[in-house]
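Grab a viewer and work through these exercises on cavities, pockets, helix packing and a few single residues. Try each task before you read its solution.

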Amino acid sequence: MPEAVIVSALRTPIGTARKGTLRDTNAFDLAHHVVSAAAEGLDTGRIDDVILGEGRYGGGVLARHAAVTAGLTSVPGLAQNRHCAAGMAAVQSAAAGIRSGMDELIIAGGVNSDSTAPRARFKVGEDEWIDPWTSPSHPDRPDAPAMDMSITVGWNAAVRAGLTREEQDAWALRSHRNAIAAIDEGRFKEEIVPIETPHGLFDTDEHPRRETSLEKLASLKVLHPEIEGFSITAGNASGANDGAAALAVASEKLGLPALGYIRAWASVGVDPAVTGLAPIEAITKVVRRAGISLGQVKLIEINEAFASVPIATIRALDLNPEIVNYSGSGCSLGHPVAATGARMVVTLVHELRRRGGGFGIAALCAGGGMGAATVIEVPAP
């Protein structure tokens, strides 16, 4: 089978939803921006498809819309939704199309605009509301509320891993410090494509907080004070965010310069109540498929939907925490849900290139009791 080669890997800066710089930039514009950037310099006549993870945008096909606005009129589009893993699922689908020999060049990624997504709430009972634009990720139940991930993902993972509030706050602080260091050192420059917005040129992630501290994080109220010992706060959880990411994935037969190779991918299902532990299963499955050991992996991205998720994964798999989320993640950079999986792969590619190549893993949990992971290899220069 032909190898799936990453030939471009780009993203927008990540904005803070509803009050940040991307608040008036809709998902269609974000999609157009990253798809056009990822396709730049390529023979667009050879692009077989555009695949984008999306969510909360009414069931349209952002990928086809972006293909048309980018001048790729002969290229179809495919919408994918695996909740938080939607962007990664799109990249995995692209790799599958390439490896099968059916396709030779695909633009894949994810787009998320919490700021402009349709929102409506209707009261259907004395204390019950529904939002038709946000579908439940799984059947609702007391130990795993379908519409409250602070319990279903964050708290349940923390309880099962035996994590304290202090440990989660410390990880969140580390995340902010790592993200700020990456920004200040210019480590995101190669992966970010600045975007013109109604509020000016946007070229730097705006969600990380320079001023945060353990004291400030400790002062935040827990999200469910009625639950004894509850440890999840806005500070050790990811934000609501806007952003997009896209990669061009090609067959090695085209002979294009390789930024990296997609070596293996895996998705898993777990009980919804242990959604936050799904990366453990996904990483275990993907390294087996890749035929490598965790000891061979140089860097790992584990999305911080909540700080409890990477900490629990690190402990369960006995990972070196220093190689995990080296440049921050959801608690700091933010979590533009449908784009995050692709964003993680983009960041992983560029950071591995700076480090002289090697294997990397991007993994995340996804609403409803799902998880996904992808192994990439970046060649030595």
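**Exercise 1. The second largest pocket**

Task: work out how the lining of the second largest pocket divides into nonpolar, polar and charged residues.

Solution. Before counting, some ground rules. This is a predicted model, where local features need pLDDT of at least 70 and side-chain atom pairs count only at pLDDT 80 or more, while totals for chains, interfaces and linings use all residues. Residues are numbered from 1 along each chain as its sequence is written, and side-chain values use heavy atoms, with hydrogens and water left out.

Step 1: sort the residue types. Ala, Val, Leu, Ile, Met, Phe, Trp, Tyr, Cys and Pro go in the nonpolar bin, Asp, Glu, Lys and Arg in the charged one, and the others, Gly among them, in the polar one.

Step 2: apply that to the lining. You get eight nonpolar, seven polar and three charged residues.

Step 3: place the pocket. Its lining has 18 residues, and His207, Arg209, Ala234, Gly235 and Gly239 lie nearest the centre. The volume of this second largest pocket is about 270 Å³.

The terms: on a 1 Å grid over the protein atoms alone, a pocket is an open set of points with protein on both sides within 12 Å along at least five of seven lines, a cavity is a set where a 1.4 Å probe fits but cannot get out, and lining residues have an atom within 4 Å of a point. Points are joined across faces, edges and corners, and a volume is the space filled by probe spheres set on the points.

**Exercise 2. The largest pocket**

Task: find which residues sit closest to the centre of the largest pocket.

Solution. Step 1: take the volume, about 1200 Å³ for the largest pocket.

Step 2: go through its 35 lining residues; Arg56, Asp114, Thr134, Met149 and Val337 are the closest to the centre.

Step 3: ask which elements contribute. At least two lining residues each come from α4 (149-161), α9 and β13 (358-366). Here helices (H or I, at least four residues) and strands (E, at least two) are DSSP runs, numbered from the N terminus.

Step 4: check the chemistry of the lining, which is 17 nonpolar, 13 polar and five charged.

**Exercise 3. Closed spaces**

Task: say how many cavities of 30 Å³ or more the structure holds, and describe them.

Solution. Step 1: the search turns up two.

Step 2: the largest cavity is about 50 Å³ in volume. Its lining is made by Leu299, Ile300, Glu301, Ile323, Asn325, Tyr326, Ser327, Thr347, Leu348 and Glu351. β12 (297-302) and α9 (337-354) are the elements giving two or more residues to it. By type, that lining is five nonpolar, three polar and two charged.

Step 3: the second largest cavity has about 40 Å³ of space. Among its lining residues are Arg56 and Asp114, both also listed closest to the centre of the largest pocket. Strand β5 (residues 105-113) gives the largest share of this cavity's lining, three residues.

**Exercise 4. Two packed helices**

Task: how are α5 and α8 oriented, roughly parallel or roughly perpendicular?

Solution. Step 1: the angle between helix α5 (residues 165-184) and helix α8 (residues 308-317) is about 105°, and their axes are 9 Å apart. Axes are lines fitted to C-alpha atoms, for helices over the stretch in contact, and angles run from 0 to 180 degrees between N-to-C directions.

Step 2: α5 is therefore roughly perpendicular to α8, given that angles under 35 degrees count as roughly parallel, over 145 as roughly antiparallel, 65 to 115 as roughly perpendicular and the rest as oblique.

Step 3: list the contact (heavy atoms within 4.5 Å). Glu167, Gln168 and Trp171 of α5 meet Ser308, Pro310, Ile311, Ile314 and Arg315 of α8. These contact residues are four nonpolar, two polar and two charged.

**Exercise 5. Positive phi in a loop**

Task: Asp318 and Asn325 have positive phi; which is buried and which is exposed?

Solution. Step 1: phi is near 55° for Asp318 and near 55° for Asn325. Most residues other than glycine have a negative phi.

Step 2: Asp318 is in the loop between α8 and α9, and Asn325 is in that loop too.

Step 3: Asp318 is exposed because its relative accessible area is 71%, whereas Asn325, at 0%, is buried. The cut-offs are under 20% for buried, over 50% for exposed and in between for partly exposed (1.4 Å probe, protein chains only).
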